[in-house]
Amino acid sequence: MTSGFRALHPVTLFLFYGGLLLCGMLLFHPVFLLTGIVLLVSLIVIQKHGGTIVKMLPLYLLIGIAIVVINPLISHRGRYILFYFMDQPITLESVLYGVTMLLSLTLILLTSLSYNYNVTTDKFMYLFARLVPQSALVVMMALRFVPLLRRRLSQITLVQRTRGISVHEGSLTKRMRDGMTLVKVLLVWSLEEALQSADSMKARGYGTTKRTAYVVHRMDRRDRWLTGCLSILILVIMVGSALGWGRAVIYPRMQSMVFSMEDWILYVCFGIYMLIPVIVEGKEWLSWKYSK
Amino acid sequence: MARSRLWLMIAVGLSILVLALSNAVLSDHYMLLSFVLLMAVMLPLFVRFERRKLEARELVLLAMLAAIAAVSRIPFAALPSVKPVSAIVILSALVFGSEAGFIVGAMAALVSNIYFGQGPWTPWQMFAWGMMGVSAGLLRNTWWMRKRLGLLTFGLIWGFLFGWIMNLWVVIDLAVALEWKAVLAVYAQSFYFDLAHALSNVFFLAILAGGWIKVLERFRKKYGLLDSG
Amino acid sequence: MAIMEILQVKQLSFAYPDEQHQVLRDITFTVNEGDFVVLCGASGCGKTTLLRQLKPELTPVGQNHGTIYYNGNLLNELPAQQSAQEIGMVFQNPDNSIVMDVVWHELSFGMENLGYSLPVMRSRLAEIAQFFGLEPLLYKPIHELSGGQKQLLNLASVLLLQPKLLLLDEPTSQLDPVAAREFISMVYRLNREFSTTVIISEHRLEEVIPLADQMIMLEKGKLKYSGSPREVSQQIQTHRIHDLKSHDDLSDDFKYLPSVTQLFWTMQTEEAYSDLHIPLTVREGKQWLQTLDWNDGAVHAIANQSIPLSMQKMQSPERSKESILLECREVTFQYEKKSAEVLKKLDLQIYKGEMLAILGGNGAGKSTLLQLLAGLLKPRRGTVKQADHVKIGYLAQNPLLYFSHDTVAEELSTAAHYAGVAEPEVVIAKLIKQLQLEGLEQKHPHDISGGQQQKTALAIVLLLNPDILLLDEPTKGLDPLAKIALARQLLELRQAGHTIVIVTHDVEFAASYSSRCAMLFDGMITATDVPSTFFSENVFYTTAVNRVVRDWLPGILTAEEVLKLWHVPASG
């Protein structure tokens with residue numbers, strides 16, 4: 001379950017995804033983005049949750065095609081005209097821009113897929129709890145209540161159906177009204193019971209003194225090392241990007257896609273960045289393979 | 001310890017903000033810019049909430065309201081684009097104030113996305129619902145929010161506003177690249193969804209306002225909750 | 001050296017603000033360190049209020065009189081941190097007391113509140129997790145735990161603060177018998193092995209009273225009896241004999257004693273008895289019966305009677321093909337395609353006018369079966385067939401599922417509206433009278449007692465005028481008196497022509513009041529019969545009285561039945 005990249009410290013993981021999201025927005029260059037996508041997909045496949053990509057695919061294709069097709073139709077900026085479509089000039093720049101935008105969006109969406117798999121809620125809460133402890137406490141309680149409320153709601157739905165209150169029959173207004181009746185039963189019941197939860201918190205000394213935090217995650221040497229590497233890489237990428245490296249100039253006029261020296265530096269940094277999780281997973285895989 | 005951590009947090013936040021901001025402005029990264037601004041708006045609200053020492057009861061109440069708002073989407077799964085979350089956030093804010101409204105709204109978004117999937121849209125949703133709560137709470141004592149019609153109009157406006165905010169994260173990058181008419185096209189496309197949201201807000205607020213406010217007021221009085229909110 | 005008194009309560013009275021009525025009146029008692037104290041009394045007698053007075057954080061605002069000493073010092077001067085650590089409290093509903101989403105986090109919650117350092121938390125957690133066997137559950141989300149596991153988790157998370165005094169407010173009322181027994185034995189272990197002082201309020205007295213050093217009984221906010229269980233039983237007996245002689249109404253206090261003890265005292269003619277001989281457990285009951293002279297003519301003749309009286313008493317209705325109202329034929333059910341079958345080719349008939357009790361272990365599928373009978377679920381295979389024009393009413397375990405309005409009256413009138421009742425006012429008025437809900441009409445459904453909530457929900461269901469009434473665990477969380485009241489209501493409904501089906505864990509209730517029992521096991525009905533036959537064939541799954549007297553009087557299930565056979569002149 002928790003091995004390989006997933007087993008890294010939440011801070012390291014969060015840093016990785018935060019940086020990746022940043023890269024997805026900063027590095028507006030098809031080659032960079034494509035590299036990122038390939039390596040991220042391979043991470044997802046190695047971690048065996050490729051199914052989530054397939055699930056997302058239909059929606060994604062819809063948005064993707066829309067962007068790629070609509071952009072050149074509406075935007076006519078650029079010098080190199082490829083052809084005319086219904087008297088509208090279709091420019092190379094606008095096509096390329098659409099594709100790059102699509103790649104950028106793809107990387108961001110893939111990042112969130114991989115993030116949802118690797119940074120589970122408890123890890124996210126662990127980070128959150130250090131920054132904003134009181135808000136994190138509210139979220140954790142809400143997370144504890146959601147499954148409870150879902151169970152209560154299904155019981156309420158069942159019982160109220162015997163009284164004719166149901167969201168599955170009747171006119172739209174009746175269904176909406178009945179749906180809200182179900183939620184109201186849940187509201188009154190749960191708020192009443194919630195006061196007992198508050199008592200149970202007080203009984204165990206909530207608010208008597210400054211809280212400490214029990215921590216299940218421990219930052220080991222590998223975590224520290226990787227965190228350091230990732231931070232340096234992110235910094236280089238941010239500074240480099242601020243200097244205009246790693247950025248394809250498309251509008252108003254497309255310029256050469258060939259990498260300059262600076263672009264190469266940035267590309268290598270980004271490559272290493274994206275390879276880190278793949279290497280961590282790969283090492284793990286090898287160690288299992290040879291321990292048999 | 002708490003103070004030093006707070007200041008450290010602010011310092012780190014500011015430096016990231018400056019770096020990202022300069023980056024964004026220098027090279028037209030509007031998406032990044034919007035993210036940074038979003039965080040900059042929400043951070044003080046969270047910090048303010050952190051600085052208030054709340055009773056166990058108040059915390060539980062906020063958590064429960066957020067959870068109920070998140071769960072309330074379930075019975076309506078059969079009815080597309082009918083989401084009662086907004087109505088619940090607005091009503092909570094009316095009774096418990098703007099700060100509670102913000103927390104309930106933002107947390108409801110965060111919590112429900114844990115089940116529906118987190119993504120770059122999460123902060124936007126947190127922002128949209130959070131602001132809905134803040135504004136409802138701030139306006140709760142004005143004469144027109146006390147009128148039924150005023151409340152319904154408020155729900156109607158926020159139905160659209162919510163959709164527009166959520167469009168932003170898609171559109172903000174297009175705005176530079178594409179002509180404004182493309183942006184308009186996106187908004188026109190989402191019009192019917194926003195309209196459905198707005199109308200369902202009006203409907204829910206119309207049927208819920210009396211009963212729910214009574215219920216929530218009952219809890220507020222019975223247990224002296226969030227009085228100064 | 002004198003025994004240390006951990007708690008001294010002196011003339012404690014309490015009233016809620018702006019209310020004349022005192023919820024607690026002039027209560028005085030002491031608890032020694034290491035004692036196991038059982039607190040009993042009808043619902044609403046002030047048990048919970050009293051326990052909350054002993055836990056300063058939870059003491060409600062109101063007018064307090066009297067003093068409470070904890071370890072010789074005034075309790076309300078105890079520093080907040082010390083009180084949180086040394087006085088632990090476990091609540092009734094395990095679901096509501098858990099506030100964190102994962103087991104380890106819930107366990108550490110209290111320690112975090114008190115600002116313990118990480119190494120301290122780690123070692124304490126390790127210790128307690130071992131003691132409770134919680135290690136395999138440590139990383140589980142709360143909603144995957146069973147009710148019993150949740151309550152053990154609550155207990156464990158309180159124990160992590162190393163309390164000296166443990167208060168438990170009806171901790172097993174939401175648990176099934178097996179989990180309840182496990183929980184109580186854990187509490188008892190803590191008491192015996194670590195000398196933790198325990199004050200527990202309970203309705204499951206059959207199991208707790210034999211463990212108790214002290215028993216405190218409250219009535220309407222006043223302390224009525226206190227002492228060792230045997231002493232209290234003697235006090236109750238004295239009271240009872242006095243009532244009998246003066247022809248006052250018999251008090252119901254007797255019902256709080258273990259049924260063996262009840263049996264013992266109803267058969268005694270003397271007021272006092274040597275402490276040692278009062279039986280509290282089945283074992284002691286048997287030992288007592290062995291001392292009786294079974295050659296005594298009257299006893300002997302009755303013991304040889306072939307037909308158990310309980311069978312005649314119950315008037316089981318006729319069971320013929322025509323009188324079948326509802327029938328399950330080879331019903332198979334599973335919740336999801338991949339999940340296990342809950343019911344497997346189950347056959348069951350429900351006959352007109354009967355009261356069928358379906359018994360079965362935890363997770364046997366009793367509630368599922370009831371929901372299938374109610375038509376709320378559809379069988380995957382097989383049929384649930386209703387006779388023509390049969391209406392079915394279903395009362396879920398939790399009455400709170402029914403309430404969506406601000407008053408009981410609104411609740412009922414909306415229900416009548418949905419049910420299409422012709423003359424709602426008349427029908428509602430009749431129901432209110434029948435179910436003794438008078439005076440509650442304008443109250444909020446959440447502000448009335450559990451028993452009253454159940455009756456209100458029952459009224460809502462009865463507005464549909466069902467021929468068959470299905471009740472899911474109707475006795476859960478009820479005190480002994482409320483159970484008797486419920487039984488009376490059900491009997492009246494039966495007389496009014498309703499057929500009743502209950503599913504229950506409550507062997508005593510099924511034995512005393514049902515006309516037929518069915519055992520659900522492994523997805524099938526394994527046995528159905530009238531209670532006397534049904535239970536007399538069981539060794540473990542039967543009433544306490546039956547376990548005591550079975551060698552002499554097989555087929556006898558309750559103290560009342562024994563009494564009828566014995567013809568003991570009650571007042572001597």
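Guide: Before we start, a word on terms: helices here are DSSP runs of H or I with at least four residues, and strands are DSSP runs of E with at least two. Keep in mind too that this is a predicted model.

Visitor: Fine. What share of residues 7–245 of chain C is helix, and what share is strand?

Guide: That stretch of chain C is 40% helix and 25% strand, with its end C-alpha atoms 38 Å apart. Residues 326–547 of chain C come out at 35% helix and 25% strand, and there the end C-alpha atoms lie 34 Å apart.

Visitor: Which residues of chain C does the "domain: ABC transporter" annotation cover?

Guide: Those two stretches, 7–245 and 326–547, according to an unreviewed UniProt entry.

Visitor: On to chain A. How is chain A divided into domains?

Guide: Domain 1 is made of 4–119 plus 220–290, and domain 2 is 130–203. Taken over C-alpha atoms, the centres of domain 1 and domain 2 of chain A are 40 Å apart.

Visitor: Now the interfaces. How should I read their size?

Guide: People often quote the accessible area lost when the parts come together. For chain B and chain A that is about 6,400 Å², with 78% from carbon and sulfur atoms. The contact draws on 73 residues of chain B and 71 residues of chain A.

Visitor: How many salt bridges are there between chain B and chain A?

Guide: The rule finds one. Glu192(A) pairs with Arg218(B), the closest N and O atoms being 3.5 Å apart. Four residue pairs are in polar contact between chain B and chain A, counting those with both at pLDDT 80 or more.

Visitor: Which element of chain B gives the largest share of the side that touches chain A?

Guide: Helix 10 of chain B, with 13 residues. The elements giving two or more residues to that side also include helix 1 (2–26) and helix 8 (148–177) of chain B. By residue type, the side of chain B that touches chain A has 53 nonpolar, nine polar and 11 charged.

Visitor: And what area do chain B and chain C bury between them?

Guide: About 310 Å², 38% of it on carbon and sulfur atoms. Four residues from chain B and four residues from chain C take part.

Visitor: How many salt bridges are counted between chain B and chain C?

Guide: Two. In one of them, Asp447(C) meets Arg218(B), with the closest N and O atoms 3.0 Å apart. On the side of chain B that touches chain C, the residues are one nonpolar, no polar and three charged. Notice Arg218(B): it bridges to Asp447(C) and also to Glu192(A).

Definitions and conventions:
Residues numbered from 1 in each chain as written. Chains lettered and ligands numbered in written order. Predicted model: local features only at pLDDT ≥ 70, side-chain atom pairs only at ≥ 80, totals over all residues. Heavy atoms only, no water. UniProt positions renumbered as here; feature names shortened; annotations may be inferred. Contact = heavy atoms within 4.5 Å. Buried area = accessible area lost by both parts, 1.4 Å probe. Salt bridge = Lys/Arg side-chain N within 4 Å of Asp/Glu carboxyl O. Nonpolar A, V, L, I, M, F, W, Y, C, P; charged D, E, K, R; others polar. Domains from an automatic or database assignment. Polar contact = N/O pair within 3.5 Å; in protein donor to acceptor, adjacent residues only side chain to side chain.
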